Structures are given as C-alpha cells and as structure tokens.
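I opened this model to look up its strands, sheets and charged pairs. My notes follow in the order I took them.

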Amino acid sequence: VGGIVLRTTNGTTWTMLQADLAATLYDVEFSSCGASRCIWTVGTNGAIVYASYANSGDIPNWATQNSGTTATLRDISRAPDTSNLRIAGSGVILLTSNYGTTWSQIQDGAMTQTFQSLGIFSGGIYTVGSSGVIYRGTQGVSSWTWATETSGTSQQLNSVAVQSIPILTAWAVGGAGTIVRYDETAPTAPTNLTKTTADTDNTPTFTWSASSDDISGTIGSGG
C-alpha cells in the first residue's frame with residue numbers, strides 16, 4: 001500500500017523490496033513464468049508495476065508496464081499455466097496474452113461501474129463491483145461478449161472467486177456481510193430417458209428406456 005512492496009519466505013520476517021513507487025497499490029499477482037518468478041502489482045493512475053527474478057534471494061528490478069489508462073486498477077489475476085492476465089478497475093477490464101508486454105481494454109461501453117475484483121474461468125471472466133454489479137464476459141474468436149447477471153443486492157461487491165470443476169460456481173462477497181453464489185445447472189435427462197454418463201459430461205449419453213426398441217445415442221450440449 002502507498003507504493004510499498006514487501007516479501008517474505010517464511011511468513012515471519014518481511015523484507016522491503018520497493019518503497020518509492022508513486023502509485024497506491026491494491027493487488028498483486030505472483031507466479032512462475034518460464035524459468036523466472038514474476039510479479040505484477042496494480043494501483044492508482046493505471047499503474048502496472050512488474051518484476052521478475054530467478055532465485056529466491058534475488059532483488060527484483062521493477063519496471064512499469066503501459067496499461068493505456070489512468071483509471072484506478074484494483075485486481076489482477078492470471079489464467080493458470082498461461083501468459084494471460086486480466087485486470088479489473090474503475091470502468092475498465094484489461095487483458096494481456098504476453099505477460100503484460102501489451103495490454104488491451106476488453107470491456108464494452110456500458111461497463112462504467114467501478115470493478116473491485118475478477119475471477120477467471122475457462123473461456124471467460126466474472127467481475128464484480130459497485131452497487132452489486134456482476135458481469136460475465138465470454139471470450140470469442142476476436143472479441144468479448146458481456147452480460148449482466150442479477151446479484152440480488154445493491155451492496156458493493158468487493159471480491160469474487162470462481163471454480164469451474166465439477167460445474168461452474170462463483171462466490172462474491174461485499175458490504176453489510178453480503179455473500180452471493182452462482183451455480184451453473186448441470187445437464188439433466190429428458191423425460192423417459194435414462195442418463196448413463198456423469199452430469200459433468202458435455203455430451204451426455206442417454207438410453208430410451210420407455211421404447212420397445214433399445215435405442216442409445218449421444219445428445220450434444222448445443223454449445
């Protein structure tokens with residue numbers, strides 16, 4: 001906070017790595033990137049500050065990345081095992097597919113709220129923020145599609161966590177003790193059909209048990 005970056009390797013002793021950053025910093029992402037360890041931190045005035053180092057005792061060299069915005073950035077997350085990162089902030093959602101060498105805005109024009117947090121799932125993003133707003137973004141071939149979802153609250157939502165397995169589930173928390181949850185509905189068998197594969201199968205197999213003929217087939221999910 002206030003431009004300070006600290007590190008610990010044991011949870012007891014903390015070392016100051018940076019104390020002269022101009023921005024107030026709100027979130028940090030730390031993970032391996034190839035043979036190095038990489039850190040991204042985000043904050044006010046569109047600040048993205050990045051460093052990488054090879055060994056645990058190394059002192060990182062910090063550099064700024066160009067976010068293309070002066071909006072306050074509040075949350076950063078990396079898609080597992082990829083070079084893709086996402087950032088949520090005041091009216092902006094940012095994306096990179098090259099560890100932050102270039103960043104692009106992917107929100108649509110209606111998304112003017114302050115976003116406090118985002119969660120990544122396969123092929124998409126949930127982002128939450130002011131006045132109970134929840135957006136679900138789905139990545140297409142060349143663009144993103146965004147849809148608002150009903151949270152049932154007007155409280156500011158401050159954080160969201162997403163899990164894709166066994167079904168897509170999202171939890172969001174916010175003001176006045178607010179906790180909301182979304183569960184994606186698993187496929188179910190139509191009437192008179194017996195399901196013979198798991199609910200999580202995207203192309204479940206059913207047996208038509210009510211027919212005099214023993215007919216089996218695969219029904220696609222439509223997506």
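**Entry 1: a bridge partner.** I began with Ile48, whose bridge partner in β6 is Gln65. I was working on a predicted model, not an experimental one. Next I looked up the strands around that pair. Strand β5 covers residues 48-53, and 3 bridges join it to β6. I noted that β5 and β6 run antiparallel.

**Entry 2: the sheet around β5 and β6.** I traced the strand order as β3-β4-β5-β6. This is an open sheet of 4 strands with antiparallel pairing. Which strands stand at its edges? I found β3 (25-33) and β6 (63-65) there. Each has a single partner strand, so one side of each is left without a neighbour in the sheet. I also looked up the turn between neighbours. Neighbouring strands of this sheet are turned by 30 degrees against each other on average, direction ignored.

**Entry 3: another open sheet.** I then moved to the order β11-β12-β13-β14. Here too I found an open sheet of 4 strands, paired antiparallel. Its edge strands are β11 (115-121) and β14 (144-149), and each pairs on one side only. From one strand to the next, the twist averages 20 degrees. I followed β11 to its partner. Strand β12 (residues 124-129) runs antiparallel to β11, and 6 bridges join the two. Within this pairing I picked out Gly119, which stands opposite Tyr126 in β12.

**Entry 4: salt bridges.** How many salt bridges does the structure hold? I counted 2. I took Arg136 and Glu184 as my starting pair. Their closest N and O atoms are 3.6 Å apart. This salt bridge links distant parts of the chain, with the partners 48 residues apart. Arg136 sits in strand β13 (residues 134-139). Glu184 sits in the loop between β17 (179-183) and β18 (194-195). Is Arg136 buried or exposed? Arg136 counts as buried, because its relative accessibility is 19% and the cut-off for buried is under 20%. Glu184 counts as partly exposed, at 32% relative accessibility.

I turned to Asp183 and Arg181. Their side chains meet in a salt bridge, at 3.0 Å from N to O. Asp183 is partly exposed, with a relative accessible area of 33%. Arg181 is exposed, at 53%. I added a reminder for myself: side chains of opposite charge can pair when their charged atoms come close.

**Entry 5: a nonpolar patch.** Which residues make the nonpolar surface patch of about 300 Å²? I listed Trp171, Val173 and Ile179. I checked Val173 further. This residue is found in strand β16 (residues 169-174). Its relative accessible area is 37%, so I logged Val173 as partly exposed.

**Entry 6: the whole chain.** I closed with chain totals. The protein chain has 20 strands and 0 helices. Of its 223 residues, 40% are buried. I looked up contacts between residues at least 6 apart in sequence, and 31% of these join residues at least 24 apart. The chain exposes about 12,100 Å². Carbon and sulfur atoms supply 48% of that area.

Definitions and conventions
Residues are numbered from 1 along each chain as its sequence is written. This is a predicted model: local features need pLDDT of at least 70, side-chain atom pairs count only at pLDDT 80 or more; totals for chains, interfaces and linings use all residues. Side-chain values use heavy atoms; hydrogens and water are left out. Two strands pair if DSSP finds at least two bridges between them. Axes are lines fitted to C-alpha atoms, for helices over the stretch in contact, and angles run from 0 to 180 degrees between N-to-C directions. Patches are made of residues with over 30% relative accessible area and no salt bridge: like charges are joined within 9 Å, nonpolar side chains (Val, Leu, Ile, Met, Phe, Trp, Tyr) within 5 Å. Accessible areas come from the Shrake-Rupley method with a 1.4 Å probe; for residues, only the protein chains shown count as cover. A salt bridge is a side-chain nitrogen of Lys or Arg within 4 Å of a carboxyl oxygen of Asp or Glu. Buried means under 20% relative accessible area, exposed over 50%, partly exposed in between (1.4 Å probe, protein chains only). Contact means heavy atoms within 4.5 Å.
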